[in-house]
Amino acid sequence: METLKAEKTETKNKKTMRISGAEAIIHCLLAEGVDLLYGYPGGAIMPVYDELYKFQDKLTHILTRHEQGATHAAQGYARVTGKVGVAMATSGPGATNLVTGIADAQIDSTPMVCITGQVFRHLLGSDAFQETDIIGISTPVTKWNYQITRASEIPEIMAKAFFLARSGRPGPVLVDITKNAQLEEFDFSYEQCKGVRSYKPVPKPEISAIDAAAELINRAKKPFIVFGQGVILGEAEEELKALVEKAGIPAAWTILGLSAMDTDHPLNVGMVGMHGNYGPNILTNECDVLIAIGMRFDDRVTGRLDDYAKQAKVIHFEIDPAEINKNVVSDVAVLGNSKETLSLILPKINENKHEAWHNKFKEKYKIEFDEIIKPQLNPSKPGLTMGEVLKEINIASEHKAVIVSDVGQHQMFACRYAKFKQSKSNVTSGGLGTMGFALPAAIGAKMGAMEREVVAIIGDGGYQMTIQELGVIFQHNIPVKIVVLNNEHLGMVRQWQELFFERRYASTVMTNPDFVKIAEGYHIKAKRVSERENLKDAVQEMMASKDPYFLEVRVEKEDNVFPMIPAGASVSEIRLK
Amino acid sequence: MEKETFTISVYSENNVGLLNRISGIFLKRHVNVESLNVSKSEIDGVSKFTIVIVETYETARKIVGQIEKQIEVIKAYFHTNDETIYQESALFKIKSSLLFDERQIQNIIKESNSEIVTVSRDFFVLSKTGRRKEVNEMHSQLEPFGIMQFVRSGRIAITKAEMPISTLLEEFNLNK
């Protein structure tokens, strides 16, 4: 490892101790401030588990019921704390079961370190029992990965893994460690990684770009901000708010940007994208300056690209140079950490109100409110809506809860209607759209923020993909609140079948078990609601519970999420029904 | 936008997994690699990938952005043919008897500026370095006489513009 030579010479004089590779891994984790990890043991990682047993007073290991659950729990933890989540698994199937969570963390820029056991070095390539090329398999979905085959590599590789996972645009790193490297003894010392030659985590902001952006913003008549998770990862929430307020710019969020700004802020105009709000989508094609902050113009945000904000000058605040002009060509690219770039531009921004422009958002909101929001939140028809469940949760939580959503219709309802006062409160699988994410992610979120209420909103489909993690909640009495919005369908796919496949409901009708009994089987308090009159009390009771609580809400079976930008359509073609 | 030939030059750490990581970037976008060469570079411990693709400017730019994003990549560039000096090498294995039976063969060797690398009782080996077109020409001239084996290398290229890798590496060190 050429890259760390400089650091290596420094550490020569450090005090060392002679320990096994497995014990070294524990010391590395402790040195990186890890006190909690999720995982599942097996043959090739047993020496490390043996050390975990000895160090259990310093390091809590949570046995998930499937390795995928370990990654999502680590992600949930990372998303609410901003710290690196850690997941551990054995070789072969243990390692391959991590892949979905790793891919999810990669596309959603979540800092995570995964440690996998591997067969002995001398067995590599021999098709040994539980041997798999996890380095090859995980390469496209990791920020970095490395196979350790000698104990002496452990300190510098572990240090590098944590540094890379958390720095710059965060992401998942996988370290694969052969069993011989875990068993060998060597002289251990540890030095945190401060940099890697060839890797520039944060580009330096260019003042000329800041000036050009400020000039565009100051001249704009109809400026519009779209912010993403880059604001949360860069901890630039205050700077964003200051910019929005000073320049009087309506601001909308991507699904991962949600909670970076108070949802009730008068200049927060809602969500952009396929099931986002009406105004922000329509007015994307009317603004004169589009200010994108820490977002990557995902296709679910832009709709048809050649009809996206063509009339506007585009300013792109971004940490990752590869995102610049990837999907949408920007007139001004401001590279750098969002906290730094927004701080730099703020003094150069003129105060403004843009009242007429802001009123346009209010007008569009009124249309959406009458057509969609009101009937969702205060329905007059029988049949519970997902929206009204969210409304009751908002009331009971006073907008203070962490909301963890799975993937599908309920996710869109959760993100559209959940209210937030505090950042890092919306945990969902945005880029990969991983069903089964929410239940384990809620475990990690709760353990990362024990003082906060954590509510998982899950559909009946996704719930059954990782339902076994109820075992973790029961075993450790983790007081998460689990809400399953049961419409007895794979709702989002069914909606598309209704709208675009002439109601041919191929494999989307669910035959479900008794969810209440299943929760009770895990000794978790459980209730089912199917009538509107019982909803409020049930939600209140759930939120008041000091213990884990499961609430199944039987909702309308064939409800649809609107507004909707059909796939391949322009943001202007957003449908209200 | 029209497709053209681009030579991508990647300066990187010498790392086992990096080739896999870089080739995945092409695979994911269905971009065919016309040729690939990996060698040491002018800087000690730094490897250089030379990759040739036929793509639009936009695709080439985005691919290079993704390559440069990889942790162990120091810097990636892409250039058109006009901006580079480039060569390929080829080896031809031919029956020795032809050297005596077919006069034309000797003329081809002379005119193509190729070299005889080795001669044995059964075969001789010709080596040719040059542009793709020249190698192709020589191939079609020799083909009627029978080529026992043929192999052509990937492109190697030097750019006319400067590639300030050493300066970049110093900056990286300063940024730590």
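**Exercise 1.** In this predicted model, state how chain B is divided into domains and what distance separates their centres.

*Solution.* Chain B splits into domain 1, covering 4–85 + 156–175, and domain 2, covering 87–152. Taken over C-alpha atoms, the centres of domain 1 and domain 2 of chain B lie 32 Å apart.

**Exercise 2.** Determine whether chain B is a compact globule or more spread out than one.

*Solution.* Begin with the secondary structure: chain B contains 6 helices and 9 strands. Next, compare the radius of gyration with the globule rule: the value for chain B is 20 Å, whereas the rule gives 16 Å for 176 residues, so chain B is more spread out than a compact globule. Along the principal axes, its C-alpha atoms occupy a box of roughly 65 × 40 × 30 Å. Finally, consider burial: 27% of the 176 residues in chain B are buried.

**Exercise 3.** Describe the side of chain A that touches chain B.

*Solution.* Count the participants: chain A contributes 21 residues to the contact and chain B contributes 22 residues. Then locate the elements: in chain A, helix H7 (134–138) and strand E6 (144–148) each provide at least two residues of this side. Lastly, classify the residues of this side of chain A: 8 are nonpolar, 6 polar and 7 charged.

**Exercise 4.** Identify the largest nonpolar core and the helix that gives the most to it.

*Solution.* The largest nonpolar core has 178 residues, and A:Val483 is one of those with the most contacts inside it. Helix H8 (residues 154–166) of chain A gives the most to this core, with 9 residues. Apart from this core lies another, of 19 residues, including B:Phe6 and B:Ile63.

How values were computed:
Residues are numbered from 1 along each chain as its sequence is written. Chains are lettered from A and ligands numbered from 1 in the order in which they are written. This is a predicted model: local features need pLDDT of at least 70, side-chain atom pairs count only at pLDDT 80 or more; totals for chains, interfaces and linings use all residues. Helices (H or I, at least four residues) and strands (E, at least two) are DSSP runs, numbered from the N terminus. Ala, Val, Leu, Ile, Met, Phe, Trp, Tyr, Cys and Pro count as nonpolar, Asp, Glu, Lys and Arg as charged, and the others, Gly among them, as polar. Domain bounds come from an automatic or database domain assignment. A nonpolar core is a set of buried Ala, Val, Leu, Ile, Met, Phe, Trp, Tyr and Cys residues joined through C-beta atoms within 7 Å. A residue is buried if 20 or more other C-beta atoms lie within 10 Å of its own, exposed if 12 or fewer, and partly exposed in between; C-beta atoms are placed from the backbone. The radius of gyration is taken over C-alpha atoms; the globule rule is 2.2 Å times the number of residues to the power 0.38.
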